[in-house]
Amino acid sequence: MALPKAKEDALAARLASLTLPAGKGWLASVRSEALSRLTAMGLPARRDEYWRYTDPTSLNAPAAPPAVRFEPGDEAEPFDGMDRLKIVFVDGIFDPAASDDLSLSGVTIERLALAGDTDIHWAQGLYGQLEARGQTPVARPLAALNSAFATDGVLIHVTGKAAKPVSLVYVHKSDTSDAILHHCVKLDAGACLTLLENGPAAARFSKVMEVDIADGAQFHHVRIQGRDHERRAVTHLFARLGAQAEMRSFTLTANGRLTRNEAVVELAGAEGRAHLAGATVGDGDFHHDDTVFVTHAAPACESRQVFKKVLMNGAVGVFQGKILVKPGAQKTDGYQISQSLLLDEDSQFLAKPELEIYADDVKCSHGSTSGAIDETALFYLQSRGVPRRRAQALLVLAFLAEAIQEIADEDIAEEIRGRLERWLARHGSTG
Amino acid sequence: MLEIKNLHVKLEEEDKVILRGVDLKIGAGEVHAIMGPNGSGKSTLSYVLSGRDGYEVTEGSAKLEGQELLEMEPEERAAAGLFLAFQYPVEIPGVGNMTFLRTAVNAQRKARGEEELSAGDFLKVVREKAKTLKIDAEMLKRPVNVGFSGGEKKRNEILQMAMLEPRMCILDETDSGLDVDAMKLVAEGVNALRSAGRSFLVITHYQRLLDHIKPDVVHIMAAGRIIKTGGPELALEVETNGYADILNEVG
């Protein structure tokens, strides 16, 4: 079917600013397949149902709208002091000098830019594949664009228990940088990896991560998105879980003008568990969108979606979350909660929770709420001598607690709480 | 300790006058009780003293050891030594009782320029005080007042009082919703805190609490004013004859 004229023009303008990275190996062919998917779909538009609450204009634009960097002052880098294998990208380009040696017991790590030229590679069966699968029933053109044009990324193959977390650090240097990264992570049966991500990466950042989690494997993911106030980001996490596999993914977002985080998760083997959580704090010109699609394709799997947003001074939060239970996925346990705490009347939360169930013996629940800070609780705390701002911070952290609890590692959870506390102290309160 | 002069208060949202000239003076170490029918303004008095939003003071003053309370933020009043035991203690999901207590204790210490208590020292003190109030470790771990029974909530209020060591304690209908045993336990907790440097204002509907917390002075409040003041016998008189006689007598 031909694209509408407006979509065709937008796509042509965007494609004119991009070049397919050179290469002759397996990657070249999967890139061209991704490009065909993209040209068939066109770029997202506000009129598309899936983009009703988030304007993709700045994500589609041929050039990245500029964004100045955030100066964290004396605050330590995220995950600082943790024993981890650091892989650094500056404006979307791998920085070998700042990165650790890529060898790690239980894990093989390669750069996409180098591994793509071989004739045969394990990533051939993953790169662009989960993304392509994730295009139905809802189109995700920006993910296809990423698969076609990603300039760098890592291919991580986990064969055993990773000796330490792999930490992807995205440094933003140029005010006009436009980074496209694509990572593949493959966990063999019974393997185990903690993957950390942090940093803004660029003025505009597009990132796709495809994760294949084989039977009994465990994938833990914690991400702290960049704090640059003007940065824009669109990210996709595609994951497929085998039998008794486990995935936990948590994202902290503070600041950023526009963030769209999509997660597409398929529970393909029995008794898999997928937990997706996010804690978001936004002040002012801030638009944050969590779009989540969890498919239960096998029996006795458990999924949780826990997304909490604290919004002030006109910040906007979006949640589109779906649980699809396929025929035969009996004994499914699906849970979804999305909540916002609006600290003033200017801020906004838009939520679209969905359940679609084709099995009859399932337990699925979803809830979405939007509320203000509890003034009675605030007074109670103050009457015990807790200053108003501190009291408000305590209540905000309490509100976010359910999402933070989804982090398996207590030290990381503590770091996240500390970061939130400091953010709240800086951004203060209304009233 | 506490001196209230000609206090007039109306609701902020509507033009409804609640307190119409309250005068009250409580000396150090004294226990005063305020009794009165529903709607007489007893609870409003406790809220206005502790600084809750929604009330407008149109006239008068309330001084704690010479410091004007009405100009302070609620947390400043607490640091100055005022404590209100709530009629309906507030549930705060997600905030652990222990975190809450420690935050409160240290916030007050900081406000007074004292050193904060270390986690170890705090734990020691809180365990000891909780034990006398029959508050177990489990209750300390749970979120503030969440899933607590009526009695547990009130005991938790007294625990906060014991930890914060205020000089002026206001107990707002602390007996409401308690059975006799729970009331006794709460009263024992309060009595243990009585001292020469600490005063109490006990607000109650019924005389029965005053069997356990013996007041020095009893005030009867009606229509936003204190209409009669006497000794403990005044409470017994109310118990026997109700408020009607006193209201008639005062006119």
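The paragraphs below walk through the contact between two chains, the helices around it and the nonpolar cores. The model is predicted, and every value given here was computed from it.

A good place to begin is the meeting of chain A and chain B, where the contact takes 17 residues from chain A and 30 residues from chain B. The size of an interface is often given as the accessible area lost when the parts come together. For chain A and chain B this buried area is about 1800 Å², and carbon and sulfur atoms give 69% of it. In chain A, the residues that lose the most area to chain B are A:Phe379, A:Tyr380 and A:Arg384, which together make up 44% of what that side buries.

One of these residues, A:Arg384, also takes part in a salt bridge, in which its side chain meets that of B:Glu157 at 2.7 Å, N to O. The count of salt bridges between chain A and chain B is one, while nine residue pairs, both partners at pLDDT 80 or more, are in polar contact between the two chains. On the side of chain A that touches chain B, the elements giving two or more residues are helix H7 (375-383) and helix H8 (388-404) of chain A, and H7(A) gives the most, with eight residues. The residues of that side divide into nine nonpolar, four polar and four charged.

Helix H7(A) therefore deserves a closer look, since it is mostly covered, with seven of its nine residues buried, where buried means under 20% relative accessible area. Among the buried residues are A:Phe379 and A:Tyr380, together with A:Leu378 and A:Leu381. At the N-terminal end of H7(A), A:Asp374 acts as a cap, with a side-chain oxygen lying 3.0 Å from the backbone nitrogen of A:Thr376. After H7(A) comes A:Gly385, whose phi is positive, near 100°. Helix H6 (residues 141-149) of chain A is also mostly covered, and nine of its nine residues are buried, including A:Leu142, A:Asn146 and A:Phe149.

The last step leads to the nonpolar cores. The largest has 120 residues, and those with the most contacts inside it include A:Phe250, A:Leu400, B:Met161 and B:Phe200. Helix H8(A) supplies the largest share of this core, eleven residues. Leaving aside its neighbours within four places in sequence, B:Met161 is in contact with seven residues named here in full: B:Phe83, B:Ala85, B:Pro166, B:Cys169, B:Leu171, B:Leu193 and B:Phe200. Apart from the largest core lies another, of 52 residues, among them A:Phe94, A:Val107, A:Leu195 and A:Leu276.

Key
Residues numbered from 1 in each chain as written. Chains lettered and ligands numbered in written order. Predicted model: local features only at pLDDT ≥ 70, side-chain atom pairs only at ≥ 80, totals over all residues. Heavy atoms only, no water. Contact = heavy atoms within 4.5 Å. Buried area = accessible area lost by both parts, 1.4 Å probe. Salt bridge = Lys/Arg side-chain N within 4 Å of Asp/Glu carboxyl O. Polar contact = N/O pair within 3.5 Å; in protein donor to acceptor, adjacent residues only side chain to side chain. Helix = DSSP H or I, 4+ residues; strand = E, 2+ residues; numbered from the N terminus. Nonpolar A, V, L, I, M, F, W, Y, C, P; charged D, E, K, R; others polar. Buried < 20%, exposed > 50% of the residue type's maximum accessible area, 1.4 Å probe, protein only. Core = buried A, V, L, I, M, F, W, Y, C linked by side-chain atoms within 4.5 Å.
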